[in-house]
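Open the model in your viewer, keep the sequence panel beside it, and follow the stops below in order, selecting each residue as it is named.

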Amino acid sequence: MELLVVNPNTSGAMTALVERAARAVAGPGTRVRAVHPAMGPASIESHYDEALSVPGVLAEVAAGERAGVDGYVLACFGDPGLDAAREVAAGPVVGIAEAAMRSAMYLGRGFSVVTTLARTVGRARDLAAHYGAGRACLGVHACGIPVLELESDPDAVKKVVAACAAALEADGSDAVVLGCAGMAELCPAVSAELGVPVVDGVQAAVLAVQSLVTMGLRGAARGEFAAPPPKPYAGLLAEFSRE
Ligand code: 5HY
């Protein structure tokens, strides 16, 4: 099978990072490619960033459909454009926030999320409620590191570990969900420090999609997630017109 990991921001370094993390857990018969759009925000840290990342996500999914990709991972913790991507993709599409939260719910009564900037905490809370994980999500916290500094900040692991330890203490939770694709490679060091399950959404999502494809399950194709009705799009979005 071929899986496409879409990094919704335009950072080549983060795309390479999520590809490494994804390939580290993909099965022997699974080919994984990671891509990012040619258009959109360098990182996603606001509702504005997220809204403007969606056309790029949908352009990459459309390219994946032309290439016959079997399944998709949206590698941004806001799961931007997830529902729209499910309308245009034949195969399953899984967002890293949803996959991480569902995985954490297997591991205990409750989990904490540690994301990047405080302003993204609300979005993570909304997603937990949206995915039916509201009761298990005992708290959402920020480590205060901007997305693109996760790789360059020499103290990133120390800061993320401290934020996770404080979250576990404050929430009384059993596990931690890392709230950014850019934290994927920090996961082993953080879990070694904390001694509790630490979930990386990139790997959780790759394994979820791989399982769905292995079971022969494709995305819902009728009703709410049927292909979008054909219509013309104008201006900058003309390429999204559907016949
Ligand atoms: C992410 N932003 O995973 C989110 C993290 C966040 O560019 N990739 C991003 O802070 O919401």
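Begin by selecting Glu 185, which you will find in the loop that runs between β7 (175-178) and α7 (187-194). Keep in mind throughout that you are looking at a predicted model. Is Glu 185 buried or exposed, or does it fall in between? Its relative accessibility is 37%, and because buried means under 20% and exposed means over 50%, Glu 185 counts as partly exposed. If you now add Leu 74 to the selection and draw a distance between the two C-alpha atoms, you should find a separation of 17 Å, for two residues that are 111 residues apart along the chain.

Next, move to Ser 46, whose place is in the loop between β2 (31-35) and α2 (47-66). With a relative accessibility of 18%, Ser 46 counts as buried, since the cut-off for that word is under 20%. Show the side chain of Ser 46 and add Asp 49, and you can follow how the side chain reaches the backbone nitrogen of Asp 49 at 2.9 Å.

For the third stop, select Asp 79, in the loop between β3 (71-74) and α3 (82-88). Asp 79 is buried, because its relative accessible area is 4%. What is the phi angle of Asp 79? It is near 45°, a positive value in a residue other than glycine. This deserves a pause, because most residues other than glycine have a negative phi.

Now turn to the ligand and display the residues around it, of which there are 13; those that come nearest are Asn 9, Ile 44, Phe 77, Thr 116 and Ala 181. When the shell around the ligand is sorted by residue type, it divides into seven nonpolar and six polar residues, with no charged ones. Three contacts with oxygen atoms of the ligand can be looked at one by one. At Phe 77, a polar backbone atom is 3.0 Å from an oxygen atom of the ligand. At Thr 116, an N or O atom in the side chain is 2.5 Å from a ligand oxygen. At Ala 181, a polar backbone atom again takes part, at 2.9 Å from an oxygen atom of the ligand. How much of the ligand does the protein bury? Taken alone, the ligand exposes 300 Å², and the protein buries 96% of that. If your viewer can draw cavities, notice also that the space taken by the ligand is the largest cavity.

From the ligand, go on to helix α4, residues 96-104, which is mostly covered, with seven of its nine residues buried. To see which ones they are, select Ile 96, Ala 97, Glu 98, Ala 99, Ala 100, Met 101 and Ala 104.

Then step into the loop between α4 and β5 (111-115), where Tyr 106 lies. Tyr 106 is exposed, because its relative accessible area is 74%. Add Ala 175 to the selection: Tyr 106 and Ala 175 are 69 residues apart in sequence, while their C-alpha atoms are 9.9 Å apart in space.

Finish with Arg 123, which belongs to helix α5 (residues 121-130). Its relative accessibility is 25%, so Arg 123 counts as partly exposed. As a last exercise, select Val 140 as well and check the C-alpha to C-alpha distance, which is 9.7 Å for a pair that is 17 residues apart in sequence.

Notes. Residues are numbered from 1 along each chain as its sequence is written. This is a predicted model: local features need pLDDT of at least 70, side-chain atom pairs count only at pLDDT 80 or more; totals for chains, interfaces and linings use all residues. Side-chain values use heavy atoms; hydrogens and water are left out. A residue is near a molecule or strand if one of its heavy atoms lies within 4 Å of it. A polar contact is a pair of N or O atoms within 3.5 Å; within protein, one must be able to donate a hydrogen and the other to accept it, and residues adjacent in sequence count only if both atoms are side-chain atoms. Accessible areas come from the Shrake-Rupley method with a 1.4 Å probe; for residues, only the protein chains shown count as cover. On a 1 Å grid over the protein atoms alone, a cavity is a set of points where a 1.4 Å probe fits but cannot get out, and a pocket is an open set with protein on both sides within 12 Å along at least five of seven lines; lining residues have an atom within 4 Å of a point. A molecule sits in a cavity or pocket if more than half of its atoms lie within 2 Å of its grid points. Ala, Val, Leu, Ile, Met, Phe, Trp, Tyr, Cys and Pro count as nonpolar, Asp, Glu, Lys and Arg as charged, and the others, Gly among them, as polar. Buried means under 20% relative accessible area, exposed over 50%, partly exposed in between (1.4 Å probe, protein chains only). Helices (H or I, at least four residues) and strands (E, at least two) are DSSP runs, numbered from the N terminus.
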